Each structure stands twice: as structure tokens, then as C-alpha cells.
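The following is a short walk through a structure, beginning at a metal site and moving on to charged side chains. Please keep the sequence and the model in view while reading.

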Amino acid sequence: MTRKKVTKIVILGSADSGKTTVIETLLNRREEKVTKIECNGTTVSLDYGNTVINGEKVHIFGTPGQERFKFMREILTTNLSGAIVVVDNSVGVTDMDIRILETLNSGNIPYVIFVNKQDIAPGDLESEYIKPHTPLIPTTATTGEGIQEGLEVLLNLV
Ligand SMILES: Nc1nc2c(ncn2[C@@H]2O[C@H](COP(=O)(O)OP(=O)(O)OP(=O)(O)O)[C@@H](O)[C@H]2O)c(=O)[nH]1
Ligand SMILES: [Mg+2]
């Protein structure tokens, strides 16, 4: 039996960085629906949606950023093709982000970093934990700035 290649993209990052807004903006612009499981504005298990890009189905999962949902992040990050790490540029790289980057690096998983909330915190993101040549995409998830382009950069790495 032959199976079609499945691309699974997971959105990671600290609480409140904009992960759910990223998946909504990405998929709503493509007229696709997103399933969100949230409580009081925070993701409690996952966001999910899919779309077809260049003839290939792409499944996108948003993860919960709160520490207590570590088990859920671990479930969602199995067999992933690539990741988007969403950092709130008004906060910078957090301890959780550092752990995420270390996990992605050790698994040789392609990823891009969305340097989000450029509208309130414009500028570059600097951290000793970001490897040289990591694609850093300036984004404003609420307006969509950088989002589509950032996904395309990632898909080219996958
Ligand atoms: N100003 C601004 N606000 C943003 C941006 N992206 C997201 N937000 C806001 O940040 C808050 C958190 O956004 P979410 O998308 O729910 O963040 P999240 O990373 O999914 O949060 P958790 O699920 O709790 O981890 C919301 O009020 C968003 O409207 C942005 O680019 N600029
Ligand atoms: Mg969320």
C-alpha cells in the first residue's frame, strides 16, 4: 500500500505568544476552518486545521503554551515535519522557548521562528540560544504580516 506524504506542522512557543492567532490567520486567509479548544482565551489542548499547499495536504497543530500542558505538547510533537516557534517580541526568548529550540535542534527538525507582535514591539530578536541561519520572520499575527511568507519559508525546509 502506498501512502501519500503527509506534512505535519506544529506551532510551539510560550503562553500568549500568539500561536492560536497564527493558525487562525493562516487558515482563515485560505478559507479553511480551525478547531480551537480553549478556556478563557488560552489553549487547553490544541488548535487544528489543514490546507493544501502546492498540491500537498498540510496539517497544522497549535499547541498550548502553558507549562501545565507539557504532556499535550509532547503528544502533538511526535512525527512532525517541521515547526513554527512563535515568540512574543515584547517578552523575548523565554526558558520554555529555549527548551523548545533545544528539542527541535536535537531532533534535527526544520523550524522557523516567528518574531511576533511587531506592531507593539518592532525589531529583531536576539538570543544566544538562536543558532546562526535560523529563519527569523517578523510577524504580526493579528494583521497577518509575515505569516504566509513564514509558512512558505518553513515548507521549503521540510
Ligand atoms: N498586538 C498584538 N497582539 C497579538 C499578536 N498576536 C497575538 N496577539 C494577542 O495576544 C493574545 C494571545 O494570543 P493567542 O494567539 O491566544 O496566544 P497563544 O500563544 O495561542 O496563547 P496560549 O494558547 O495561552 O499559549 C491575544 O490577545 C491575541 O490577540 C500580535 O501580533 N500583536
Ligand atoms: Mg493558544
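**Metal site and salt bridges**

T43 is buried, its relative accessible area being 6%. This residue belongs to a predicted model, and T43 is one of the protein donors of the magnesium ion (ligand 2). The donors are T20, through OG1, and T43, also through OG1, at 2.0 to 2.1 Å from the ion. They come from distant parts of the chain: T20 sits in helix 1 (residues 19–28) and T43 in strand 3 (residues 42–53), 23 residues apart. T20 has a relative accessibility of 11%, and because buried means under 20%, T20 counts as buried.

Side chains of opposite charge can pair when their charged atoms come close. The structure holds 5 salt bridges. One of them joins E74 and K70, with N and O 3.2 Å apart. These two residues lie 4 residues apart in helix 2 (residues 70–76), so about one helical turn separates them. E74 is partly exposed at 46% relative accessible area, and K70 is partly exposed at 46%.

Another salt bridge pairs K117 with D88, the closest N and O atoms being 3.3 Å apart. This pair links distant parts of the chain, 29 residues apart: K117 is in the loop between strand 6 (111–116) and strand 7 (136–138), while D88 is in strand 5 (residues 82–88). Both K117 and D88 are buried.

Elsewhere, salt bridges with shared partners join E24, K36 and E38 into one network. Within this network, the side chains of K36 and E38 meet at 3.9 Å, N to O. K36 is partly exposed at 36% relative accessibility, and E38 is partly exposed at 33%.

Methods:
Residues numbered from 1 in each chain as written. Chains lettered and ligands numbered in written order. Predicted model: local features only at pLDDT ≥ 70, side-chain atom pairs only at ≥ 80, totals over all residues. Heavy atoms only, no water. Donors = N, O, S within 2.8 Å, 3.2 Å for Na, K, Ca; no water. Buried < 20%, exposed > 50% of the residue type's maximum accessible area, 1.4 Å probe, protein only. Salt bridge = Lys/Arg side-chain N within 4 Å of Asp/Glu carboxyl O.
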